[in-house]
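Work through the exercises below with the model open. Each task is followed by its solution.

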Amino acid sequence: MAKSEAGKNSLDQDSLKQDPFRQKLYQVIFGYESKAGRLFDLVLIFTIFASVVAVMLDSVASINTRFHDQLYLLEWVFTVLFTVEYLLRLYCTPSTRGYAFSFYGLIDLFSILPTYIAFLWPGGVYLIVIRSLRVLRVFRILKLARYVGEANMLFNALLNAR
């Protein structure tokens, strides 16, 4: 099994090298050296923070009562954007399985799943607070993984605020 897995990784890396589109996409999404990569990261940071602000506003009863429909629509816009981004990451990475089961791959997945679960199972609406995991994605972008402990404090503060 390990041999076939290693063969698959080698095949994935070869296909990445042979496909200039996937290679360019990889450099933009996972890299930060290029102008396009830095722009992608800035747009992603802004989108993540806007999403977290929307989650926090949604948790305030008076704001939720007044703007529920707009916040709901905004949540779906963010979820679709993050889903497309996640799928693009899976598409362009040399090791799809490696990324999918990595710490940040799981954070990306767990930050979009609650919206889909709440849609399919109305009782899952309480999982929506997990959307605040999106803020952890900023640490990857800013290369601040060493501050994951502080991120846990922030996540707990968001949970308590909810």
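**Exercise 1. Burial and make-up of the chain**

What percentage of the 162 residues of the chain count as buried?

Solution. First, the basis: this is a predicted model, in which local features need pLDDT of at least 70, side-chain atom pairs count only at pLDDT 80 or more, and totals for chains, interfaces and linings use all residues. Residues are numbered from 1 along each chain as its sequence is written, and side-chain values use heavy atoms, with hydrogens and water left out. Next, the cut-offs: buried means under 20% relative accessible area, exposed over 50%, and partly exposed in between (1.4 Å probe, protein chains only). The result is 38%.

Now list the elements. Helices (H or I, at least four residues) and strands (E, at least two) are DSSP runs, numbered from the N terminus. The chain has eight helices and zero strands. Read from the N terminus, the order is α-α-α-α-α-α-α-α. Then take contacts, meaning heavy atoms within 4.5 Å. Among those between residues at least 6 apart in sequence, 61% join residues at least 24 apart.

**Exercise 2. The largest nonpolar core**

Find the residues of the largest nonpolar core and the helices that supply them.

Solution. Start from the rule: a nonpolar core is a set of buried Ala, Val, Leu, Ile, Met, Phe, Trp, Tyr and Cys residues joined through side-chain atoms within 4.5 Å. The largest one has 11 residues: Leu 44, Ile 48, Ala 54, Leu 71, Phe 78, Phe 82, Tyr 86, Leu 90, Tyr 99, Ala 100 and Ile 112. Helices H3 (35–58), H4 (61–92) and H5 (96–100) each give at least two of them. H4 has the largest share, with five residues. As background, nonpolar side chains in soluble globular proteins tend to be buried together.

**Exercise 3. H4 against H6**

Classify the packing of H4 and H6, then inspect the contact.

Solution. Axes are lines fitted to C-alpha atoms, for helices over the stretch in contact, and angles run from 0 to 180 degrees between N-to-C directions. The axes of H4 and H6 (residues 103–120) come within 10 Å and cross at roughly 140°. Angles under 35 degrees count as roughly parallel, over 145 as roughly antiparallel, 65 to 115 as roughly perpendicular and the rest as oblique. H4 and H6 are therefore oblique to each other.

Next, the hand. A crossing is left-handed if the near helix is turned anticlockwise from the far one by less than a right angle, and right-handed if clockwise. This crossing is left-handed.

Then the residues. H4 brings Tyr 72, Glu 75, Trp 76, Thr 79, Phe 82, Thr 83, Tyr 86 and Arg 89. They meet Gly 105, Asp 108, Leu 109, Ile 112, Thr 115, Tyr 116 and Phe 119 of H6. Ala, Val, Leu, Ile, Met, Phe, Trp, Tyr, Cys and Pro count as nonpolar, Asp, Glu, Lys and Arg as charged, and the others, Gly among them, as polar. The contact has eight nonpolar, four polar and three charged residues.

**Exercise 4. H2 against H4**

Repeat the analysis for H2 and H4.

Solution. The axes of H2 (residues 20–30) and H4 come within 9 Å and cross at roughly 125°. That angle makes H2 oblique to H4. The crossing is left-handed. H2 contributes Phe 21, Arg 22, Leu 25, Tyr 26, Ile 29 and Phe 30, and H4 contributes Leu 88, Arg 89, Tyr 91 and Cys 92. By class, the contact holds eight nonpolar, no polar and two charged residues.

**Exercise 5. Single residues**

Is Leu 39 buried or exposed?

Solution. Leu 39 lies in H3. Its relative accessibility is 53%, so Leu 39 counts as exposed.
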